[in-house]
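Open the model in your viewer and keep the selection box at hand. Each stop gives you something to select and says what is there.

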Amino acid sequence: MSGPYDYFDYKKNELQTEGVALARVAERVGTPVYVYSTAALLSPLRELQRGLKGLDALVCFAVKSNSNLSVLRLLAKAGAGMDVVSGGELFRARRAGIPGKKIVFSGVGKTVREIEEALRGGIFSFNVESAAELSAIQSVAARLGKSASVALRFNPDVDAKTHPYISTGLRKNKFGLEKREILALVREYRRFPRVRIRGISIHIGSQLLELAPLADSFARLRSLAGEIEPLLGEPLRFLDLGGGVGISYGDERSPSISAYCALIRKNFSDSKRLLLEPGRLIAGNSGVLLSRVLYRKEKKTKDFLVIDAGMNDLLRPALYGSRHAVVPLLKKPGKSGRSACIVGPVCESADCFAENAALPENLAGGDLIALLSCGAYGFTMASCYNSRPRPPEVLVDRGKFRVIRKRESYADLIQGESS
Ligand SMILES: *Cc1c(COP(=O)(O)O)cnc(C)c1O
């Protein structure tokens with residue numbers, strides 16, 4: 001199981017990763033700043049690869065969880081492919097040097113332009129989400145004189161038991177095709193001569209804390225594949241098992257990678273190629289967001305700690321009500337004080353990171369803190385709301401660190417605007 005303290009812990013009362021004191025990064029680069037650990041990024045990828053050894057499996061990192069070029073390149077060098085959901089992500093993956101044949105394209109709303117870019121880039125496969133999309137791929141492929149390899153995204157109608165905003169595998173969700181729709185498409189296969197149906201894909205949701213819904217959907221996927229193959233007249237080449245395995249943000253228990261791999265082995269031991277699309281599982285606990293306390297605002301019932309990171313820098317708490325552990329970068333002696341509400345500077349009441357953080361009483365303006373488990377869906381969801389430039393990103397590797405994305409400037413904020 002992946003937890004917030006696996007790669008970030010205290011040495012001599014200083015929060016550090018890979019031998020780098022995070023206070024040093026904050027002093028040098030300023031706050032707010034995202035900091036990732038190389039070892040933490042590589043470890044889950046390698047564990048997945050080891051756990052699936054002997055199977056023809058490719059781990060395609062979900063680029064939307066952390067799309068920094070240096071992060072993508074690091075994972076690609078360790079053998080990962082990429083799962084992209086937009087032309088912009090495809091552009092990033094190609095820029096990071098990932099070959100087209102290791103890229104899959106997911107998402108419900110691919111545009112003609114994106115389909116064209118993907119076909120020209122020679123991607124491995126499209127995960128197709130509707131009959132209309134299949135027609136669009138057919139016509140773009142015909143126009144370019146190419147053929148397109150696709151997997152049909154199956155919505156297995158299982159309850160992922162996660163937050164409704166990140167649940168995708170129920171019939172009521174916008175994602176995927178129902179079984180009867182898939183069977184109908186396969187029967188009409190001749191209408192799509194430029195399309196090769198090579199696989200079936202699933203992805204039932206994110207931050208899954210139990211494997212049972214995945215086990216359920218794997219069984220349904222297997223049985224659907226068995227029904228489709230006789231209609232296709234040839235075996236499917238691959239199955240895409242999606243992502244979604246959750247991590248621990250603090251107290252919750254999350255599935256272990258070994259149990260996840262065992263579940264995959266139990267269900268899919270035949271010779272078909274397997275793709276995985278983990279995002280959070282790889283990046284989630286690889287990064288933290290460092291911030292400085294601006295003010296302690298004392299109120300009658302509780303104190304507010306106003307910090308210099310806001311919901312524009314880290315959206316998850318405001319969007320999903322998710323909670324990140326908050327810890328000081330320097331442990332000072334002192335009793336743990338009145339519970340404090342940690343809030344950002346953005347003009348929204350939703351700009352709140354913790355209602356009742358148990359932080360030391362003497363933590364005050366000027367002190368540094370870290371929000372943990374921010375490696376996935378952190379920077380990628382950042383915006384410039386309130387005209388706040390987006391924070392920099394830093395990568396730590398064995399005692400050294402480097403800026404892998406500069407802090408945005410005021411000039412960046414107005415780039416492309418006319419006055
Ligand atoms: C978001 C997404 C993923 C990654 O989800 P995680 O929960 O980060 O593992 C994988 N596949 C698809 C199709 C997605 O939309």
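Select Gln207 first. This residue lies in the loop between strand S10 (195-201) and helix H8 (212-232). Check its backbone: Gln207 is not a glycine, yet its phi is positive, at about 55 degrees. Keep in mind throughout that this is a predicted model.

Now select Ser206 and show the ligand. An oxygen atom of the ligand is 2.3 Å from an N or O atom in the Ser206 side chain. Add Tyr377 to the selection. Here a ligand oxygen atom and an N or O atom of the Tyr377 side chain are 2.6 Å apart. Then add Lys64, where a side-chain N or O atom is 2.7 Å from an oxygen atom of the ligand. How much of the ligand's accessible area does the protein cover? On its own the ligand has 390 Å² of accessible area, and the protein covers 93% of that.

Widen the view to the shell around the ligand. There are 14 residues here, and the nearest are Lys64, Ser206, Gly244, Glu277 and Tyr377. By class, the shell holds three nonpolar, six polar and five charged residues.

Which pocket holds the ligand? The ligand sits in the largest pocket. Turn on a surface to view that pocket, which has a volume of about 520 Å³. Its lining counts 32 residues, and those closest to the centre are Lys64, Val85, Thr168, Phe175 and His203. Colour the lining of the largest pocket by class: twelve residues are nonpolar, 13 polar and seven charged.

Move to the second largest pocket. Its volume is about 350 Å³. Select Ser67, Asn68, Arg92, Phe379 and Arg405, the closest to its centre among 18 lining residues. Next, colour by secondary structure. Helix H3 (69-77), helix H4 (87-95) and strand S20 (400-405) each supply at least two residues of this lining. Which element gives the most to the lining of the second largest pocket? H4 does, with four residues. Colour by class again, and the lining of the second largest pocket shows seven nonpolar, four polar and seven charged residues.

For the last stop, select Thr31 and Pro32. Is the peptide bond between them cis or trans? The bond from Thr31 to Pro32 is cis, with omega near -10 degrees. Show the cartoon to place Pro32: this residue lies in the loop between helix H1 (22-29) and strand S4 (33-37).

Conventions: Residues numbered from 1 in each chain as written. Predicted model: local features only at pLDDT ≥ 70, side-chain atom pairs only at ≥ 80, totals over all residues. Heavy atoms only, no water. 1 Å grid on protein atoms, 1.4 Å probe; cavity = no way out; pocket = protein on both sides within 12 Å on 5 of 7 lines; lining within 4 Å. Points joined across faces, edges and corners; volume = space filled by probe spheres on them. Nonpolar A, V, L, I, M, F, W, Y, C, P; charged D, E, K, R; others polar. Near = heavy atom within 4 Å. Polar contact = N/O pair within 3.5 Å; in protein donor to acceptor, adjacent residues only side chain to side chain. Areas by Shrake-Rupley, 256 points an atom, 1.4 Å probe, with all protein chains shown as cover. Sits in = over half its atoms within 2 Å of the grid points.
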